[in-house]
Amino acid sequence: MHAYAQTLVAAIAAVLVASSALAQAPQSAGEVMKVDRPGARVTLKHDGIRSLDMPAMTMIFRVRDPKLLDGVAVGDRVRFSAEKIDGNYTVTALVRAS
Ligand SMILES: [Cu+2]
């Protein structure tokens, strides 16, 4: 392949990777009120969640993977993604807000 074409392909690939990363970044914000690692649950005081049509509130979420709770403590501001899975509001991504 010609060097210019290779550079172009690499640039397009970089843009696609960056945009998909943005699309998957946790969109909801909240504060950790309680961590229940054995129960794979977390209580979040969250802002409104547009994707779930939910206003701001404090509630208990299931956590899809307890490892998401590693390094998260009560009082931390976090960004997270939540989905309704089998009728349960479930956190699928969770990161400390920086
Ligand atoms: Cu809620």
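The points below go through the fold of this chain, from its overall layout to its core.

1. Please keep in mind throughout that this is a predicted model. The chain contains one helix and five strands, and, reading from the N terminus, these elements follow one another in the order α-β-β-β-β-β.

2. The five strands close into a barrel, in which the order around the sheet is S1-S2-S3-S5-S4 and the pairing is mixed. On average, and with direction ignored, neighbouring strands of this sheet are turned by 55° against each other.

3. It helps to begin with strand S1, residues 28–36, which pairs with S2 in the antiparallel sense over six bridges; among the residues involved, Val-32 has Leu-44 of S2 as its bridge partner. S1 and S2 form a hairpin with four residues between them, and in that turn Ala-40 has a positive phi of about 50°.

4. On to the next pairing: S2 and S3 run antiparallel and are joined by six bridges, with Phe-61 in S3 serving as the bridge partner of Val-42. The two faces of S2 are worth looking at in the structure, since a covered face is made up of Val-42, Leu-44 and His-46, whereas Arg-41, Thr-43 and Lys-45 form an uncovered one.

5. Strand S4, residues 77–85, and strand S5, residues 88–96, also pair in the antiparallel sense, here over eight bridges. Within this pair, Ser-81 has Ala-93 in S5 as its bridge partner.

6. Which residues make up the largest nonpolar core? It has eleven residues, namely Val-32, Val-42, Leu-44, Ile-49, Phe-61, Val-63, Val-78, Phe-80, Ala-82, Val-91 and Leu-94. At least two residues of this core are supplied by each of strand S2 (41–46), strand S3 (57–63), S4 and S5, and the largest share, three residues, comes from S4.

7. Val-91 is a useful residue from which to explore that core, of which Val-91 is itself a member. If neighbours within four places in sequence are left aside, Val-91 is in contact with Val-42, Phe-61, Val-63, Arg-64, Leu-68, Phe-80 and Ala-82. Of these partners, Val-42, Phe-61, Val-63, Phe-80 and Ala-82 are listed in the core as well.

8. Two figures for the whole chain complete the note. Buried residues make up 14% of the 98 residues in the chain, and, among contacts with a separation of 6 or more, 45% are between residues 24 or more positions apart.

How values were computed:
Residues are numbered from 1 along each chain as its sequence is written. This is a predicted model: local features need pLDDT of at least 70, side-chain atom pairs count only at pLDDT 80 or more; totals for chains, interfaces and linings use all residues. Two strands pair if DSSP finds at least two bridges between them. Axes are lines fitted to C-alpha atoms, for helices over the stretch in contact, and angles run from 0 to 180 degrees between N-to-C directions. A nonpolar core is a set of buried Ala, Val, Leu, Ile, Met, Phe, Trp, Tyr and Cys residues joined through C-beta atoms within 7 Å. A residue is buried if 20 or more other C-beta atoms lie within 10 Å of its own, exposed if 12 or fewer, and partly exposed in between; C-beta atoms are placed from the backbone. Two residues are in contact if their C-beta atoms, placed from the backbone, lie within 7 Å.
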